[in-house]
Amino acid sequence: MKENKIKIACYGEVLWDIFPGGQRRIGGAPFNVAYHLSRMGVDAHMISGVGNDDLGNELLEKIRNWDMSVDGIQVNNQYPTSTVIASIDENNDAQYDIVQHVAWDYIETRPADLNLLTETDALVFGTLAARNEKSKNTLFELTEASNYNVFDINLRPPYYDIHLIKDLLHRTQLAKFNKAELRMMLDFMGKDYVTEKDSIQYLQDVFGMKEIIISKGSKGALYANEDNFYLYPTVSVEIKDTVGSGDSFLAGFLSKHLETGTSAHQIMHQAVALGAFITAQEGACPEYSLGEFTGFRDLHQVSALPM
């Protein structure tokens with residue numbers, strides 16, 4: 001029997017982002033999603049890998065201190081804990097140098113993780129962890145065990161190919177693109193861009209997906225569920241940095257979407273509010289409580305925009 005509490009597994013990279021000046025923060029898009037899901041009261045499980053080294057031990061300790069499970073994070077004796085050199089450009093956007101052959105490139109398929117997915121409400125994943133054959137094969141096995149697959153496209157050149165993306169989209173119930181990724185996907189498919197709505201309906205038809213999210217930066221976000229389209233603005237805040245803002249948006253979205261009886265308005269309000277709340281702070285995983293976020297959300301009401 002599944003408990004009433006929402007349970008979500010996130011698969012892929014967990015790592016240390018190394019910022020200018022040597023500051024170190026836990027990162028990785030799927031882990032960022034898991035962190036914010038946990039803050040939203042969701043039972044979030046990370047499936048990943050760290051090295052049997054000091055950085056791995058420190059990472060696991062920090063995750064435990066956040067009251068998150070580390071049962072799905074494998075300790076690899078051969079490959080190190082992932083570190084990524086991050087830099088912030090003049091637009092406050094982060095650029096990353098992602099080192100290969102790290103622990104999360106070699107995630108094993110384990111019966112415990114497959115069993116976990118029979119009890120979870122969703123599996124969240126991206127493309128980066130599929131850059132290595134070992135972790136890619138594990139991802140495909142996990143998507144078979146999951147009933148609701150959430151694909152956050154999150155393209156990191158050069159670590160993806162169109163065949164992989166197509167294969168994953170055919171296994172996906174909810175896909176999230178940004179504006180550039182939507183255009184790239186259409187180019188891959190040989191489809192001319194006409195309108196955003198036409199593009200979304202094309203992808204829904206080709207891949208048999210009902211649900212697609214398009215994040216549009218300062219212009220908000222669009223959620224499509226079959227023939228229903230919901231466009232919502234961003235919440236205006238003073239930007240500290242944009243690291244992890246899309247990941248927090250997705251966590252906010254799923255934390256409401258998987259509740260019973262919630263409306264599209266409640267889902268999108270939660271999503272854009274959490275994205276803004278994190279953008280106004282430093283780092284992808286700042287310390288905060290659910291009460292602090294809900295206070296912010298309730299002060300910043302939004303209304304759907306016309307399509």
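**View 1. What surrounds the buried face of helix 5 in this predicted model.** The cover over the buried residues of helix 5 includes strand 8 (122–125), helix 4 (133–145), strand 9 (149–152), strand 10 (174–178), helix 6 (179–189) and helix 7 (196–207). Which residues sit under that cover? In helix 5 (residues 162–169), the buried ones are Ile162, Leu164, Ile165, Leu168 and Leu169. They span an arc of only 160° around the axis, so they end up on the same side of helix 5. As a reminder, an α-helix has 3.6 residues a turn, so residues three or four places apart point the same way. At the N-terminal end, Asp161 does the capping, with a side-chain oxygen 3.0 Å from the backbone nitrogen of His163.

**View 2. Helix 4, its cap and its packing partners.** Helix 4 runs for 13 residues and reaches 19 Å from first C-alpha to last, close to the 18 Å expected at 1.5 Å a residue. Ser135, Thr138, Leu139, Phe140, Leu142 and Thr143 are buried here. The buried residues of this helix pack against strand 1 (7–11), strand 4 (43–51), helix 3, strand 8, strand 9 and helix 5. Asn132 caps the N-terminal end, putting a side-chain oxygen 2.8 Å from the backbone nitrogen of Lys134.

**View 3. Thr120, in the loop between helix 3 (111–117) and strand 8.** Buried or exposed? Thr120 counts as buried, because its relative accessibility is 9%, and the cut-off for buried is under 20%. Its side chain reaches back to the backbone oxygen of Leu117 at 3.2 Å. Skip the neighbours within four places in sequence, and Thr120 is in contact with Lys7 and Ala9.

**View 4. Lys219, in the loop between strand 11 (211–215) and strand 12 (221–225).** With 58% relative accessibility, Lys219 counts as exposed. Its contacts beyond four places in sequence are Leu231 and Tyr232. The C-alpha atoms of Lys219 and Thr234 are 6.5 Å apart, though the two residues are 15 places apart along the chain.

**View 5. The largest nonpolar core, with Phe253 picked out.** This core has 57 residues, and those touching the most other members are Ile8, Phe31, Leu37, Ile63, Phe253 and Leu254. Helix 9 (residues 264–279) gives the most to this core, with 9 residues. Not counting residues up to four places away in sequence, Phe253 touches Leu174, Ile213, Tyr223, Ile267, Met268 and Ala271. There is also a second, separate core of 42 residues, with Trp104, Ile214, Phe229 and Leu231 among its members.

**View 6. Three of the model's 15 salt bridges.** Glu58 and Arg24 pair up at 2.6 Å, N to O. Glu58 is in helix 2 (residues 54–65) and Arg24 in strand 3 (residues 24–27), so the bridge ties together parts 34 residues apart in sequence. Glu58 is partly exposed at 33% relative accessibility, and Arg24 is partly exposed at 36%. In the next pair, Asp152 and Lys176 have their closest N and O atoms 3.6 Å apart. Asp152 belongs to strand 9 and Lys176 to strand 10, so this bridge links parts 24 residues apart in sequence. Asp152 counts as buried at 7% relative accessibility, and Lys176 is buried at 7% too. The last pair is Glu259 with Lys256, whose closest N and O atoms are 3.5 Å apart. Glu259 is partly exposed at 34% relative accessibility, whereas Lys256 is buried at 15%.

Technical notes
Residues numbered from 1 in each chain as written. Predicted model: local features only at pLDDT ≥ 70, side-chain atom pairs only at ≥ 80, totals over all residues. Heavy atoms only, no water. Buried < 20%, exposed > 50% of the residue type's maximum accessible area, 1.4 Å probe, protein only. Helix = DSSP H or I, 4+ residues; strand = E, 2+ residues; numbered from the N terminus. Arc of directions from axis to C-beta. Contact = heavy atoms within 4.5 Å. Polar contact = N/O pair within 3.5 Å; in protein donor to acceptor, adjacent residues only side chain to side chain. Core = buried A, V, L, I, M, F, W, Y, C linked by side-chain atoms within 4.5 Å. Expected span 1.5 Å × (residues − 1). Salt bridge = Lys/Arg side-chain N within 4 Å of Asp/Glu carboxyl O.
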